[in-house]
Amino acid sequence: REALGEDAEPKVAEEEEEQRRSHKQIEESRQRLAKLLFDGTQLVTNIQVAADLRETQRRAEEAELKLQRVEKLENEAKSSTYKFEEITSKWALAKEMTIPQELWQLLNQQQQQCALLLEEKNKLIDDLQQELKNKDEQYVQAIKKQSDDIHLLLERMEEQIRIMLKTYRHKLLQIEKAFELERRELLDNNRKKWEEAIQAHSARELEYLHARMRKVEEFEKQLNQLRVEDEEEYNSMKIQLENDVQNLERQLQQMKAAYQLNQEKLEYNLQVLKKQDEENTIIRSQQKRKLNRLHSLLNNLRTKLAKQEKQFREENQSLAADCERITGQCKEVQRRIRHFAVSDAEKFTEVWLMNEEEAKGLMRKALDADRIIHTQQLGLPWEEPCHWFLNNVGPLGHYKVKRMATKLAAEVLTVGSGEGGKGNTAKVEDRVTPLRNISKKTAKRILELVSDESGFLIESKLLRPLRALGRHERTLMKLDSIFAALEIDSEDDLYQLVDFFLKYKAQEVAVSQLPKFAKGRGCGPLPGASWLLGRRRWWKAQCPACWPSLQSSPSGEDVRDPAEAREDGGSSAQRDELKPPRSLPASLPSVYMHADDVLRILKAFVRDFDKLREKDGSAKEILQVRDSSKDGEYWEALAHVIPEPTLKLWDALAVALEEYYEVLTRRASLLAEAAILQQQNSELCLLLEEYVSSGVNSNLPSPPTLWMDPNLSCPGEAQ
Amino acid sequence: SYYTHRVIEDPEWSLATVPHLTELCLQHIVHNFEKNPILDCLLPEHQRKVLDRLSTGLPLAVTANLISDEDYWKRCCTDRWQVCDISNYGDSWKRMFFERHLENILKCFIPNTTDPNQVLELIPLCKDYVWKLEVDQFLPPVKVDQKEERDDVSDTGSDFGLGEISVHHYDLGVLITALPHLEELHLTYGVKDCGMNFEWNLFNFTHQDCCNLAVAVKMCHNLKVFKLTRSKVDDDKSRLLVRNLLDHPCLVELNLSHNLIRDKGARAVGKLISRSRLETLDLCNNQIHHLGAQALARALAENSTLTSLNLRLNCVEDEGGEAIGRALLTNTTLKSIHLGSNNLSEPTATLFSQVLAQNTTLTSINFSCNHLGLDGGKQLLDGLADNKALTEFDLRLAEVGQEIEYLIHQIVWANREAARLGSLQHPPTKPL
């Protein structure tokens, strides 16, 4: 039964999972069966339990009875031993008995007591045997009872088995029924669905069939129609084609006729052509001969050409060599010219200076004379005339030698470093600030950046000693070598560099802030690059004209005369023109150079620098041609340092003085004459005296003293 | 010419009735199988035919190790016994045949009379097919009549009244140790169907028998189940057995029911519990009192592996019951306990209510035929209130009152349902 139950359970479990609907039925059946099983087991085991209970009860009773029996036996044993002792004690008494009657009596008593004892024992034995018999009976009963129990047990077990079988079968049937029902429902459902689907399918099939039929008919109709149409078309086409055939035949006839005609014509032509051909062959042979001749001629010419070409090539080579040589010479000449120009300039300057010195000396002399004339001769107060040319030294329009780039850089740098410290900074500032309208701070910053960032341009062996120097000197040294590497050697180049930096930066800024910037400038929207380009173009145009003034303006500022300032008005106007664009970089909000940009800018600068150099070169060439227009004026002015009235005065004075002089000279000569005469007189006197006194005289036939005129005087004195 | 002659003679003769030569050969083999067993070299279909025709009466010496076909052994079994429940024999007809054959021989073995070779000869034949021995009868040796009569009178002194040599039963030692697969041994030293020839000394399990058995069992290393029932095993014998069973490698089940074990024997069994891998112990219908129960309880508290304990029909009483209950407070292996008919009363019930509240492994308790009383029943009900593990609780004839019994039954039933659902959700666990 249990095995059955166990079998049923997993099955139930499986089914439970498989189908939910039959679950209830199964669960119910299972519960009922379990209950039934339990009840049946209870019923069957009840017998065992009852038997157990009976057994325990029996054991308890048995134990009690045993206890009683043991007690009884003990009591009996006690009493019997007591009696036995009594009897045995009496035996000793009997030995002492001498009287037979007493002995007999005693013996009788003893016998009676023994019998009594035996009787008691026997009674006990009887009792026990009785009990034993009872036990036997009880045992038989118990066996009977147990066999009854066993029978009952068997009966119940069989009953149980029967019931269980029946119920199991019943339940199985029920479960199967439930499953069957479910299955049937499922089947019905599925069949219904299937049928529906089939119906739908067949309906659709029918529909498709109808549609197909309809289409077939339609197509047939169309086909027929097409056939008819095609037939008609065919017929018409046939007729047309037949007509065409007739026409073509007619044409063929015509063509045949024409052919005949043509054939005749052509035959005639053929004859003619044959004749011509013959002629042509003759001509051709002639031509061939001519061609050969020409070919030979051509070959000749070719060889000649080759020769000529060769010749020309050689010539060309020699000419090229010549050209090279000449260019070299030209360069040499140019170099020499430059050299001579420089030496000429120097010589010129020297000559100028010499002449000027000479002129100045003359002038000074004249002035001195004038002064003396005025003060001494005329007694008038004399004023020193003051003229611009008086202080001029060297050739006119001579510009100061350009400061070296490094020097300027040093200046710029010292501006920053020595700010407010030294007195001369003010001067330097004066000189630097107006130059490019570049704020010195910006310039300084740029230079410092360049020196910091372009360390790679410095020679490595130079770097070590640099470390020992101070920051300022180091920067200077670095800049020096960097400039050397970049071939920046003049002030202008440095300006250009700084300018370029600013422009570059401005351009970048402009690119970023273009609309605002364009509005501010008001000259139309210029994109940064094109603006720069435009600027450069403008620069090129302005360069030749403005360079001299630009160069002279910074250096000549402190030595300039008001007169020259006036003269310089034109160029200053140009400068004014220059100013707005030039001040632009400075006027831009302080541009901060980023260290990373430096290299980029430097690269761009080096690219552009060569172009700028070229421009510079041309500017310098032009610069060499001096303006000598004012030289004459200068010298004229120098010559006319003494004004006309003074000259006239001088002329008059000269005339008067001449006269006076003549008088004086006459007087002087007269005086001299007089003196001489006096002297001669005196001498003569002396001589005379001597002679007179001397003996010779006296010897002489005629003494001189006789002829002597003691009153003769010298002619000078006479004047 | 003979055939042609016959054909001419007998018009009804046809070749079809002549059996094939193979048929004839097979028939011959079958007839002479005892002398010349040929089986293995035959084709499978011929083997089948031969096996189907072989007589079941062939000597085992021929068939035992040669034939492994189940159908043949099924025929043998059904020819010999009416009732054949193959499920008790591992679903093997051959095993069933040999086990039952051996059992029959042992049952009918009369010491000093039957030839021991009868058993010894069988050993090589059946040793590979015997897993279980179930012998419920051991015949005593035949005795002189006068002696029997004289002993008949004195029941109690039969043990000593008889000659020592003559009363010993067959010594299983030789047989058991020769069976390598033996796993189960069910023995009952007694005589069946003695009827009116009943004598006490027919049921005498002597000390020598016990010694022999114990030594034999000790040697039997694969033994898993050992049952020695209705054999008058008293304290000494049980101690002797236990001493030999200590630290047995395989023994799982021990059944000493319907014996005469008292407290000392119970103490020995308790020692066995803690020194073996016993899982099932049946001591029902012995004479264990509270001392023995306390010894068992100690073993339970320390151990271990025991899952089922049966103390039905003993005299444990409240002291022993309480000791067992206390042991169960800590024990986590025991699943089933039977304390029916043990003269228990309310104190035990009180303690077991605690056990029910604490223990979660116990699934089956039997308190039938005790005097728990109404109060004890109530306490048990209280203890059971939170218990989810208990699925069987027998309180029949325990004087707890119908109402409480019904309520307890309800709880236990609910627990059983829950356990069933739990086992459904966890398929690996065995269903109820």
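Helices and strands are DSSP runs, of at least four residues for helices (H or I) and at least two for strands (E), numbered from the N terminus. The exercises below concern a predicted model.

**Exercise 1. State how many helices and strands chain B has, and set out the corresponding counts for chain A.**

Solution.
Step 1. The secondary structure of chain B consists of 18 helices and nine strands.
Step 2. For chain A the counts are 17 helices and zero strands.
Step 3. Burial can be added to each description. In chain B, 49% of the 432 residues are buried. In chain A, buried residues account for 23% of 719.
Step 4. The last item is the separation of contacts along the sequence. Among contacts in chain B with a separation of 6 or more, 77% join residues 24 or more positions apart. The corresponding share in chain A is 82%.

**Exercise 2. Identify the residues that touch the most other members of the largest nonpolar core, and the helix that gives the most to this core.**

Solution.
Step 1. The largest nonpolar core has 113 residues, and those touching the most other members are Phe226(B) and Phe393(B).
Step 2. The helix that gives the most to this core is α6 of chain B, residues 93–107, with seven residues.
Step 3. The surroundings of Phe226(B) can then be listed. Neighbours within four places in sequence being set aside, the contacts of Phe226(B) include Leu185(B), Leu187(B), Leu213(B), Val217(B), Leu241(B) and Leu245(B). Glu253(B) and Asn255(B) are also among the residues in contact with Phe226(B).
Step 4. There is also a second, separate core, which has 21 residues, including Ile446(A), Leu479(A), Leu486(A) and Phe500(A).
Step 5. A general tendency may be recalled here: in soluble globular proteins, nonpolar side chains tend to be buried together.

**Exercise 3. Decide whether His101(B) is buried or exposed, and name the residues that His101(B) touches.**

Solution.
Step 1. His101(B) lies in helix α6 of chain B.
Step 2. The relative accessibility of His101(B) is 13%, and the limit for a buried residue is under 20%, so His101(B) counts as buried.
Step 3. With residues up to four places away in sequence not counted, His101(B) touches Leu60(B), Arg80(B), Trp81(B) and Leu122(B).

**Exercise 4. Determine how α14(B) and α15(B) are oriented, and describe the place of Leu300(B).**

Solution.
Step 1. Helix α14 of chain B packs against helix α15 (residues 317–330) of chain B at an angle of about 5°, and their axes are 8 Å apart.
Step 2. Angles under 35 degrees count as roughly parallel, and α14(B) is therefore roughly parallel to α15(B).
Step 3. On the side of α14(B), the contact is made by His290(B), Ala293(B), Gln294(B), Ala297(B), Leu300(B) and Ala301(B). On the side of α15(B), it is made by Glu319(B), Gly320(B), Ala323(B), Ile324(B), Ala327(B) and Thr330(B).
Step 4. Sorted by class, this contact of α14(B) with α15(B) has seven nonpolar, four polar and one charged residues.
Step 5. Leu300(B) belongs to α14, residues 290–302. Leu300(B) has a relative accessible area of 0% and is buried.
Step 6. Beyond neighbours within four places in sequence, Leu300(B) is in contact with Leu306(B), Leu309(B), Ile324(B), Ala327(B), Asn331(B) and Leu334(B). Leu334(B) is 34 residues away from Leu300(B) along the chain, and their C-alpha atoms are separated by 8.2 Å.

**Exercise 5. Determine how α3(A) and α15(A) are oriented, and name residues through which they meet.**

Solution.
Step 1. The axes of α3(A), residues 100–378, and α15(A), residues 629–639, come within 10 Å and cross at roughly 25°.
Step 2. These two helices, α3(A) and α15(A), are therefore roughly parallel to each other.
Step 3. Among the residues of α3(A) that meet α15(A) are Phe348(A), Trp352(A) and Met363(A). From α15(A) come Asp631(A), Tyr634(A), Trp635(A) and Leu638(A).
Step 4. The classes in this contact of α3(A) with α15(A) are seven nonpolar, one polar and three charged residues.

**Exercise 6. Describe the contact between chain A and chain B, and give the area buried.**

Solution.
Step 1. The contact joins 21 residues of chain A to 16 residues of chain B.
Step 2. The area buried between the two chains is about 1,700 Å², and carbon and sulfur atoms give 56% of this area.
Step 3. Of the area that chain A buries against chain B, 28% is supplied by Phe38(A), Val49(A) and Arg59(A), more than by any other three residues.

Note on methods: Residues numbered from 1 in each chain as written. Chains lettered and ligands numbered in written order. Predicted model: local features only at pLDDT ≥ 70, side-chain atom pairs only at ≥ 80, totals over all residues. Heavy atoms only, no water. Core = buried A, V, L, I, M, F, W, Y, C linked by side-chain atoms within 4.5 Å. Buried < 20%, exposed > 50% of the residue type's maximum accessible area, 1.4 Å probe, protein only. Contact = heavy atoms within 4.5 Å. Axes fitted to C-alpha atoms, helices over the stretch in contact; angles between N-to-C directions. Parallel < 35°, antiparallel > 145°, perpendicular 65-115°, else oblique. Nonpolar A, V, L, I, M, F, W, Y, C, P; charged D, E, K, R; others polar. Buried area = accessible area lost by both parts, 1.4 Å probe.
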